[in-house]
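Biologist: I am new to reading structures, and I would like some help. Could we go through one together, feature by feature?

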Amino acid sequence: MSAAAGQPVQVVETHTPKELVRQPLVLNNRPLGWITEQVCSIVEGKMPKWWNVAFVVSFLMMLMCFGYIGYLITTGVGVWGLNHPVAWGWAIVNFVFWIGIGHAGTLISAILFLLRQKWRCSINRTAEAMTIFAVICAGIFPGIHVGRIWLAWWLFPIPNAHGIWPQFRSPLLWDVFAVSTYFTVSLLFWYMGLIPDLATIRDRLRIAGKKLNSGLDWMINRFKQFTYGFFAMGWTGSNRHWRNYEKAYLLLAGLSTPLVLSVHSIVSFDFAVSQVPGWHTTIFPPYFVAGAVFSGFGMVLTLMIPMRALFKLEEIITIRHLELMCKVIIATGSIVGYAYGMEFFIAWYGGNPYELYAFKNRAFGPYWWAYWTMISCNVISPQLFWFQWCRTSPWFIFIVSIFVNIGMWFERFVIVVTSLHRDYLPSSWGYYSPTRVDILTFVGTFGLFMTLFLLFIRYLPTIAISEAKGVTPQADPHHELGGAKPKQEGAH
Amino acid sequence: MSNVFPKWTNRLPLIALVGGLVTGACVIAGATYYFTPKYSRVGYQPVQPVSFSHEIHAGQLGLDCRYCHNGVEKSWFSNIPAAETCMRCHNSVLKDDPRLQPIRDAFENDKPIKWVQVHKTPDYVYFNHSVHVNRGVSCVKCHGRVDQMDEVKHAKPLSMAFCLDCHRSPHEHVRPQSEVFNLGWEPGEDWVAERDGAALVNKMKLRTSESCSACHR
């Protein structure tokens, strides 16, 4: 080499760093039509045998739930285990449990959308459906726990012949607004996202219907066309439709985002605004929100892991999706664990003997078993996801997700029951135990939840087809497999 | 995709919107009218065992309410008179009238007449007659012009809003203590509730409670 040529001497060998390719969100370079086919075939085909079995079981459990609610209404709240001093029992525990589960759906559909997290696209539909069904299950409990259920309309500020309004300073009323807003916005968001996919199914039904001339099949096909067509609201997929759709989606995502934080904050106010040691804590709102997202992702995984395996959706709901959800679980699970620790710290640091007693009693009192179940499920089990193998083995994630569900139910049990069972007056101390009605009503709500979820799988596209297509590499026109290809030499 | 639905369905959203609004308005109006005590209680007039006319006794004859309901100033309960009260007059007036046979039977056999209760507050409401009639609240406020009713009927809704109307602004409803049992009393031309009513409230030291436990004890 000579420097005389004016060229700098190359001393260090340069390397272009290897471009890290992200794992695609739909595997195996599947064409776009394949995604439509894969998702719609679930709705269009016959359901497998396990679905029928699961549906019958869920349906019977749901009937049991309604039966016990009927028994409660006709007999009175005495059929529950509530008594002085524990006047809030399983009904409130179950309400908070179910409402918390809903939060994953809203987080996935709203916050992850605003943060441009593309991996949300193949899980958002199912997660949103789960949100709605969980809020339905949650809504049952405040309605029936009022005792005289025919007066449950007093929850709402409706002008009445009593000349009074509900107590606007009570968080219980804020709850009514928070939960009903949450349900309405979640339902709208979910339904609006469904419209293009409902139109896809409608159009596929029309094509399939052309081969049918008469008979029962033809009638069923027409009926389905009408039903899907009705809910597709005349969607044609025109440019204007898509523009309006995208705008509305963004607006609804913006509206839902504060709800992720507000709903469970207000649920936590039900406790935090009171004066009861163990409830009267400023950490409650963020701690409840983190717990809600934690439990919600637990439930999403519980539902999605079997679903993707049974309907062969592993290429759309990939291991990467599961892994990312596990990371959310570590994050929120750690926040929850921190909050548990901080509650104890403040109980000691605050210097209030009643507060300290309430927390000591939580961990070592008569309900120690509930506390330590909660700690092992919520604090210890999610930490396993630091190991990659744990985050990428679906069956293992499934087991942990069940633990998360159990742990989060116990968290609410611990908060509600252990704080109440020790009154200021030792003479009124007591031990709360649920009755058969308490337990089976709660078990029955899983029947309601699963019935709705199975019907959702049966009749609606479980994956947002258009959105899942949008995040494939092929959807990018400049990708080598994408639409806008440079003209090849010699081609015309 | 034109032939899934006929063309008229384009108007469906408008029809649904208008239909929904009309239905909603009808439901609200119907519930407000039919499902409140103004409709469900007012006008209740059961058939009594004896067709006792308040119009004749309290109206034409001018009997004081307290002649028969003599416990009203002393008790929470305004009593229904015993047959003995009737017989004070009716042992000489209309003493053989067949319409009064049940009264005479009750008096002779010492068995009370089964009057049908017209005004009834629910079990969970505590209402004290004596407190009200001794503080400038006239009978007419809750029972209407009984002195003009042939047989008693439910004249006022007696809903919780009805009670609270007075408890929230007593000065609009009180009258001089001397006029409590004068059902026909009307405030004079120069009566100003904000001044005269308020003066009475002040004088009688009325502290109308609006707390739940005032009535729901």
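Modeller: Gladly! Keep in mind that this is a predicted model. Let's begin with helix 8 (residues 239–272) of chain A, which has 34 residues: at 1.5 Å a residue it should span 50 Å, and its end C-alpha atoms are 49 Å apart, so the two values agree.

Biologist: Where in helix 8 of chain A is the kink centred?

Modeller: On A:Leu259, and the kink is about 30°. While we are on helices, here is a general idea: an α-helix has 3.6 residues a turn, so residues three or four places apart point the same way.

Biologist: How many helices and strands does chain A have?

Modeller: Chain A has 16 helices and zero strands. Its C-alpha trace spans about 95 × 80 × 45 Å along the principal axes. As for contacts in chain A between residues at least 6 apart in sequence, 81% of them join residues at least 24 apart.

Biologist: And what share of chain A counts as buried?

Modeller: Of its 492 residues, 37% count as buried. In general, nonpolar side chains of soluble globular proteins tend to be buried together. In this model, the largest nonpolar core has 116 residues. Among those with the most contacts inside that core are A:Ile99, A:Met130 and A:Phe297.

Biologist: Which helix gives the largest share of this core?

Modeller: Helix 9 (residues 284–310) of chain A, with 15 residues. Try clicking on A:Phe297: beyond its neighbours within four places in sequence, it is in contact with A:Ala104, A:Met325, A:Val328 and A:Ile329. Another core lies apart from the largest one; it has eleven residues, including B:Val72, B:Val180, B:Leu183 and B:Val201.

Biologist: What does B:Asp147 touch, leaving out residues up to four places away in sequence?

Modeller: B:Asp147 touches B:His54, B:Glu55, B:Ala58, B:Gly59 and B:Leu183. B:Asp147 and B:Gly59 are a good pair to look at: they are 88 residues apart in sequence, yet 4.6 Å apart in space, C-alpha to C-alpha. You will find B:Asp147 in the loop between helix 8 (139–143) and helix 9 of chain B.

Biologist: Is B:Asp147 buried or exposed?

Modeller: Count the neighbours: B:Asp147 has 22 other C-beta atoms within 10 Å, and therefore it is buried, since the cut-off is 20 or more. Now compare two lysines. A:Lys312 has 11 C-beta neighbours inside 10 Å, so it counts as exposed, and B:Lys205, with 7, counts as exposed too.

Biologist: What is phi in those two lysines?

Modeller: Phi of A:Lys312 is near 55°, a positive value in a residue other than glycine. B:Lys205 also has a positive phi, of about 55°, although it is not a glycine. A:Lys312 sits in the loop between helix 9 and helix 10 (319–349) of chain A, while B:Lys205 is in the loop between helix 10 (193–203) and helix 11 (212–215) of chain B.

Biologist: Which residues does the cis peptide bond join?

Modeller: A:His84 and A:Pro85, with omega about 5°. A:Pro85 is in the loop between helix 2 (49–75) and helix 3 (90–101) of chain A.

Biologist: Finally, how many residues of chain B are in contact with chain A?

Modeller: Ten residues of chain B, and they are in contact with ten residues of chain A. On the chain B side, helix 9 (residues 160–168) gives the most, with four residues. By type, that side of chain B divides into seven nonpolar, two polar and one charged residue.

Note on methods: Residues are numbered from 1 along each chain as its sequence is written. Chains are lettered from A and ligands numbered from 1 in the order in which they are written. This is a predicted model: local features need pLDDT of at least 70, side-chain atom pairs count only at pLDDT 80 or more; totals for chains, interfaces and linings use all residues. Two residues are in contact if their C-beta atoms, placed from the backbone, lie within 7 Å. Helices (H or I, at least four residues) and strands (E, at least two) are DSSP runs, numbered from the N terminus. Ala, Val, Leu, Ile, Met, Phe, Trp, Tyr, Cys and Pro count as nonpolar, Asp, Glu, Lys and Arg as charged, and the others, Gly among them, as polar. The expected span of a helix is 1.5 Å times one less than its number of residues. The bend at a residue is the angle between axes fitted to the seven residues ending there and the seven starting there. A nonpolar core is a set of buried Ala, Val, Leu, Ile, Met, Phe, Trp, Tyr and Cys residues joined through C-beta atoms within 7 Å. A residue is buried if 20 or more other C-beta atoms lie within 10 Å of its own, exposed if 12 or fewer, and partly exposed in between; C-beta atoms are placed from the backbone.
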